Each structure stands twice: as C-alpha cells, then as structure tokens.
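Please open the model in the viewer and set it to a cartoon display, with side chains available on selection. The tour proceeds from the overall division of the chain to the spaces within it.

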Amino acid sequence: MTKLWLNNQLLDQQQATISIEDRGFQFGDGIYEVIKVYEGVLFTAKEHIDRFYRCADDLRIVIPYTKDVMHKMLYELVEENLIDTGHIYMQITRGVAPRTHFFPNEGTEATFVAYTQTAGRPLVNLQEGVKTIFREDIRWLRCDIKSLNLLGAVLAKQDAHELGCYEAILHRGETITEGASSNVFGIKDGVLYTHPVNNLILNGITRIVLMACCEEMGIPVVEVPMTKEQALAMDELFLTSTTSEVTPIIQVDEQLIAEGTPGAWTRKLQQAFEQKITATISV
C-alpha cells in the first residue's frame, strides 16, 4: 500500500483527506518541491530542502519541522514505498481556515503533504533531444518562489503538448526567461549563456549543479538575458530540470537547432551531470 505524509502522519494514500477550506485548494497559497530519487538515494536533497524553507519564509509560511527532521521524513517515505528510481513531490500550504484573502489567525497550522512516484529517467529525450515552442511569459513577477500558482506555466505547457512539443520557452517581450518548467541554456563558440538569477526565473537545483559542472570543466558562463533571435542563433540549446536532467533542444517552433541533433557541448555536460548522480549514489 502506497504511503504518504500528511502533516506528521504516515498514511496509506486512501486514508488521506484534506479540507476543502485548505488555502492551497482555494488560493494556491503554498509552495512545492520535486526531489529526484536515484537507486533509493535523494539527489541534491539538501539544496531542495533549503529552497523549500527559503520559499516558505518568503511567503511567511511556518514549516513545523526542522530541516533535519524533514530530511528523515522524506527518506522514510522512499523506504516505505520501495522507490528505486523516481521522485518525491512535497508541498506545504498556509493551512485550513475560513476563506478570506488575508492571512488566517496566528496559530493556524500549515498543511504538509509528501508522496512518491516511481519514474524512470528520460533516456529517449536525453539521447535524441526535444522540440519546443516560444510562448509569452504571462506569469507573476516572483518566479523565484516555487509557489503552487502555476496557471501561466500550465497554459504554456498545454500549447506545447498540443503541438507535439516537450516544452515552452517563455519570453517577456523579446527576452527569454526560462522554460515553463525548466531553465534554458544556449552555447555559442564554447560559451554558455543563460538568464541571470533574479525574480523572473526559478534558480533550479539542476541549474545550480550544471553551473558547478561548467566551473569544473572550465566552460565560460555568461549570465545575461538572451533574446529570441539570439537563442535561435546559438550553436546549441538545452534545458534542465529535476525530472528532465540535461535535455538537448533540437527545435524551436519551426527552426532546427544544430541541424536537429544534440550538440557536442551538451553531450559533455550530460556526462558531467551523470558523474554527479553516480557520485551521489556511490556514497
């Protein structure tokens, strides 16, 4: 029987119920994280948990556990559900209260949920690359907070899905920000380009790992916003996320990138990321 955490109770999934007055349900008033599991080991768990607490602080949501306790709870969940390769989804909301836009009374307890899913690595996409589309970035201006408010991303993802594409590359005017659920990178003449960390993008955990790989490999990195035109002129494009890892982009709208094949630098970065995974599960 699949287990999940609901607050401090480890329950069978069928036993879990959440009030219709939970603010996550009514307002999207909460945050979430997705942590990848490789061979039963949580990858970059500390970084994900740190960001979870930072985002909670930004929204003034109090998490009723220490980070160490949270870490132990997540590992217990993986072990209970016998997860080898997959991921953990977790979220916390401001809790249950009568519906008003302002915060509920002090002392209202947050609602924490965490569950696991078995999911293999995206090997076909990693090998062959993916098609994407451009879409206007209509999201709110605090994209650095991993909040439950994802309608802008959902609409862009649906457009991509209906067109047979994997991802939507978002832009504000002519300036690319990130993917609907990923960070976007370009490589030109051996230099990596990506949007700087600010309120317009989420500083992805895979992005952070990749930047460390670039430093170790001596790949120059320029954190400046790319225009759509500049992106299409890159030698290579790729995207990163927890579940997508380092995925080559071979097409944007109707234009092929690198003649429709994953580029050599992207392959090198995939190998470097693979080494980070191996190092984690070998400990």
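## Two domains and the spaces around them

The C-alpha centres of domain 1 and domain 2 lie 26 Å apart in this predicted model. To see the two parts, colour residues 3-118 as domain 1 and residues 123-282 as domain 2.

**The interface.** Select next the residues at which the two domains meet. Here 27 residues of domain 1 are in contact with 21 residues of domain 2. The area buried between domain 1 and domain 2 is about 2000 Å², with 68% of it on carbon and sulfur atoms. Two salt bridges are found across this interface. Select Arg-54 and Asp-144 as a pair: they form a salt bridge in which the closest N and O atoms are 3.9 Å apart.

**The largest pocket.** Centre the view on Tyr-32, Lys-146, Leu-150, Ala-180 and Ser-181, which lie nearest the centre of the largest pocket among its 39 lining residues. The volume of this pocket is about 820 Å³. Both domains take part, as domain 1 and domain 2 each provide at least three residues of the lining. Now highlight helix 5, which contributes the most to the lining of the largest pocket, with five residues. Other elements that each supply at least two residues include strand 3 (30-38), helix 2 (45-58) and strand 9 (175-179). Colouring the lining by class gives 15 nonpolar, 17 polar and seven charged residues.

**The second largest pocket.** The next stop is a pocket of about 270 Å³. Select Arg-60, Ile-61, Val-62, Arg-94 and Thr-108, the closest to its centre of the 13 residues that line it. The lining of the second largest pocket comprises six nonpolar, three polar and four charged residues.

**The cavities.** Turn now to the enclosed spaces, of which two reach 30 Å³ or more. For the largest cavity, about 40 Å³ in volume, select Tyr-38, Phe-43, Thr-44, His-48, Ile-205, Thr-206, Val-209, Thr-242 and Phe-273. Where does the largest cavity lie with respect to domain 1 and domain 2? It lies between them, because both domains give residues to its lining. Helix 6 (residues 205-217) has the largest share of that lining, three residues. Five of the lining residues of the largest cavity are nonpolar, four are polar and none is charged.

Finally, select Glu-236, Leu-237, Ile-249, Ile-257, Ala-258, Thr-261, Pro-262, Gly-263 and Thr-266, which line the second largest cavity. This cavity holds about 30 Å³ of space, and its lining has five nonpolar, three polar and one charged residues.

Methods. Residues are numbered from 1 along each chain as its sequence is written. This is a predicted model: local features need pLDDT of at least 70, side-chain atom pairs count only at pLDDT 80 or more; totals for chains, interfaces and linings use all residues. Side-chain values use heavy atoms; hydrogens and water are left out. On a 1 Å grid over the protein atoms alone, a cavity is a set of points where a 1.4 Å probe fits but cannot get out, and a pocket is an open set with protein on both sides within 12 Å along at least five of seven lines; lining residues have an atom within 4 Å of a point. Grid points are joined across faces, edges and corners, and a volume is the space filled by probe spheres set on the points. Helices (H or I, at least four residues) and strands (E, at least two) are DSSP runs, numbered from the N terminus. Ala, Val, Leu, Ile, Met, Phe, Trp, Tyr, Cys and Pro count as nonpolar, Asp, Glu, Lys and Arg as charged, and the others, Gly among them, as polar. Domain bounds come from an automatic or database domain assignment. Contact means heavy atoms within 4.5 Å. Buried area is the accessible area (1.4 Å probe) that two parts lose on being put together, summed over both. A salt bridge is a side-chain nitrogen of Lys or Arg within 4 Å of a carboxyl oxygen of Asp or Glu.
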